Amino acid sequence: MNIVFRAVAALSAGLVLSTGVAGAQEAGNAAETEAASSSVVPAHLSSADRAWVAKIEQALNRSLTFQARIQQIDAEGKRTTGTVWMKRPGQMRLAYDPPSPLLLVASQGKVVFRDSQLDQTTVIPMDRTPLGLLLAQHVSLSDGVTITAFRHEAGLVAVRLVRTASPGDGSLTLVFYETPLALRSWSVLDAQGRETRVTLFDVHPGADIPASMFDLPAQPEE
């Protein structure tokens with residue numbers, strides 16, 4: 001049951017670094033250009049592999065809400081901690097601990113990044129981010145995404161994913177403990193080849209989260 005909590009929290013944490021708060025929109029445009037010349041090579045999945053993928057999807061779709069702590073290690077080895085709240089479909093809040101000035105809120109089809117130190121806010125459509133995959137009404141590891149690598153050994157199950165239409169955006173790798181099925185670690189490799197790894201702890205499934213937690217920060221006028 002905790003699989004979705006850890007997966008979504010890890011995903012949101014890496015998202016901040018995979019796009020960058022100040023340059024998220026520019027990075028997205030660059031990734032689109034790269035994706036145009038990229039092709040997807042699906043992993044060869046055995047029947048046993050496909051069964052594991054189905055188990056992961058089922059676990060993700062059974063869980064709707066959580067609160068947890070995160071620890072994130074970026075491409076330069078910097079460690080950051082914070083708290084994440086999630087409510088499917090479509091809502092998340094990720095607040096990093098001081099001195100980090102970053103806040104991420106996903107709601108109303110948007111992902112909003114707020115940097116209070118720079119007094120800067122960036123807005124990205126949710127379906128242009130990895131969060132769109134795991135905050136969906138129905139989580140699927142095949143609809144719009146492609147599994148490019150799968151490994152099951154030594155009690156661990158690892159799945160690497162890309163968006164089928166834009167593989168140049170980067171990849172997501174989820175590594176689960178086999179028994180019980182729970183996320184061990186997660187990493188994002190962005191379009192610039194930078195990797196961010198995240199772990200979860202102190203997970204509280206079924207948390208009662210006030211709706212105000214998902215109020216979006218003030219956004220720039222269009």
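Biologist: How many residues lie between S3 and S4 in their hairpin?

Modeller: Keep in mind that this is a predicted model. Strand S3 covers residues 91–96 and runs antiparallel to S4, with 4 bridges joining them. One bridge partner pair is Leu94 and Leu104. The hairpin that S3 and S4 form has between them 5 residues.

Biologist: And which residue in the turn between S4 and S5 has a positive phi?

Modeller: S4 also pairs with strand S5, residues 110–115, in the antiparallel sense over 6 bridges. In S5, the partner of Ala106 is Val111. These two strands form a hairpin with 2 residues between them, and the turn residue with a positive phi, about 55 degrees, is Gln108.

Biologist: Is S4 largely enclosed or open, and why?

Modeller: Let's look at both faces. In a regular strand, side chains alternate between the two faces of the sheet. Leu102, Leu104 and Ala106 point one way from S4, while Leu103, Val105 and Ser107 point the other way, and all are buried. Because 6 of the 6 residues of S4 (residues 102–107) are buried, the rest of the structure leaves this strand largely enclosed.

Biologist: Which helix gives the most to the largest nonpolar core?

Modeller: That core has 41 residues, and Val84, Met92 and Phe150 have the most contacts inside it. With 4 residues, the helix that gives the most to this core is H3, residues 47–62.

Biologist: How many residues are in the second, separate core?

Modeller: Nice one to finish on! Trp85, Ile209, Met213 and Phe214 are among its members. The size of this second, separate core is 5 residues.

Terms used. Residues numbered from 1 in each chain as written. Predicted model: local features only at pLDDT ≥ 70, side-chain atom pairs only at ≥ 80, totals over all residues. Heavy atoms only, no water. Core = buried A, V, L, I, M, F, W, Y, C linked by side-chain atoms within 4.5 Å. Buried < 20%, exposed > 50% of the residue type's maximum accessible area, 1.4 Å probe, protein only. Pairing = 2+ DSSP bridges.
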